[in-house]
Protein chains: 2
Amino acid sequence: MKSSVDGTLAALADPTRRGVVDLLRERPYRASEIADAMATSRPAMSRHLRVLRKTGLVEERELPEDARVRVYQLRQKPFTELRSWVEEVEAFWSDQLQAFKAHAEQRRPRRP
Amino acid sequence: MKSSVDGTLAALADPTRRGVVDLLRERPYRASEIADAMATSRPAMSRHLRVLRKTGLVEERELPEDARVRVYQLRQKPFTELRSWVEEVEAFWSDQLQAFKAHAEQRRPRRP
DNA sequence: ACAGTCGTGAACGATTGGGTTAACTATTTC
DNA sequence: GAAATAGTTAACCCAATCGTTCACGACTGT
């Protein structure tokens, strides 16, 4: 029973990768630009980008006029799924019964 | 420049801790119940709960009629903040200029 | 007072994850 | 064809993390 947000959260846990996501909010960037912007080496960034790719957070495309460069862009789906999950958690507080639930444990008999 | 979602994402990256959050969506639980539900040892769960506490995802309270047991409950704030961040990222696609941005890199001159 | 329960803390071992440097491939440029 | 560039892969090191077991302090019930 493994949720779809599983990989997403793991990918976003790393501050460098979250920085990449924040950078790509602006526009697509090429791999080397991302590495420079985050002040990390290209091999290190290459592996971060692979993680982001495998979890579907970004997609890569080739630059038509120069087949060496890879341009990275955000993908929508995992973020939508993550927001869904967060909203489900937030439903905890909008629930009418929440106040009751909060005290359910306190009213519990000592030895059930 | 460290975002507030930083700790939140790190805390949620662990599947056990995310499972705890999913469990607590239902109602507050005591520490030992959480450990049992997640099928992990109590010391291990104790440390997970400490992480969740320090990042503000849960709060602990004492059971009035038995000062030994600690009841854990979700806190709203970090989830709201996380949703905010996700929504900011999602704004990427609702942006009118997004289609243009997507191609900006492609149209880039070879040697700027 | 004593035995049992709840939860935490400490010490150990194993695994994972990220960074670095050094090749290596593919492509472009002259 | 030779040199330069973009990016990835590979091999290694280090630090952080998670689980386990054992011990402890706090509290409870008889």
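Author: In this account Ala, Val, Leu, Ile, Met, Phe, Trp, Tyr, Cys and Pro count as nonpolar, Asp, Glu, Lys and Arg as charged, and the others, Gly among them, as polar. The model is predicted, so local features need pLDDT of at least 70 and side-chain atom pairs pLDDT 80 or more, while totals for chains, interfaces and linings use all residues. Residues are numbered from 1 along each chain as its sequence is written, chains are lettered from A and ligands numbered from 1 in the order written, and side-chain values use heavy atoms, without hydrogens and water.

Reader: Which class of residue, nonpolar, polar or charged, is most numerous on the surface near DNA strand C?

Author: A residue is near the strand if one of its heavy atoms lies within 4 Å of it. That surface has 7 nonpolar and 5 polar residues, whereas 13 are charged.

Reader: Which element supplies the largest share of the surface near DNA strand C?

Author: Helices (H or I, at least four residues) and strands (E, at least two) are DSSP runs, numbered from the N terminus. Both chains take part: H2, helix H4 (42-54) and strand E3 (66-74) of chain A, with helix H3 (31-38), helix H4 (42-54) and strand E3 (66-74) of chain B, each supply at least two residues. The largest share, 5 residues, comes from H4(B).

Reader: Which side chain has an N or O atom 2.8 Å from a base oxygen of DNA strand C?

Author: A polar contact is a pair of N or O atoms within 3.5 Å. Phosphate oxygens of the strand lie 2.6 Å from a polar side-chain atom of B:Ser32 and 3.1 Å from a polar backbone atom of B:Arg70. The base oxygen is 2.8 Å from the side chain of B:Arg68.

Reader: By what turn can chain B be laid on chain A?

Author: The superposition is by least squares on C-alpha atoms of residues with pLDDT of at least 70 in both copies. The RMSD is 0.0 Å, with a shift of 0.0 Å along the axis and a turn of 180 degrees. The two copies are therefore related as by a two-fold rotation axis, that is, by a turn of 180 degrees.

Conventions:
Polar contact = N/O pair within 3.5 Å; in protein donor to acceptor, adjacent residues only side chain to side chain.
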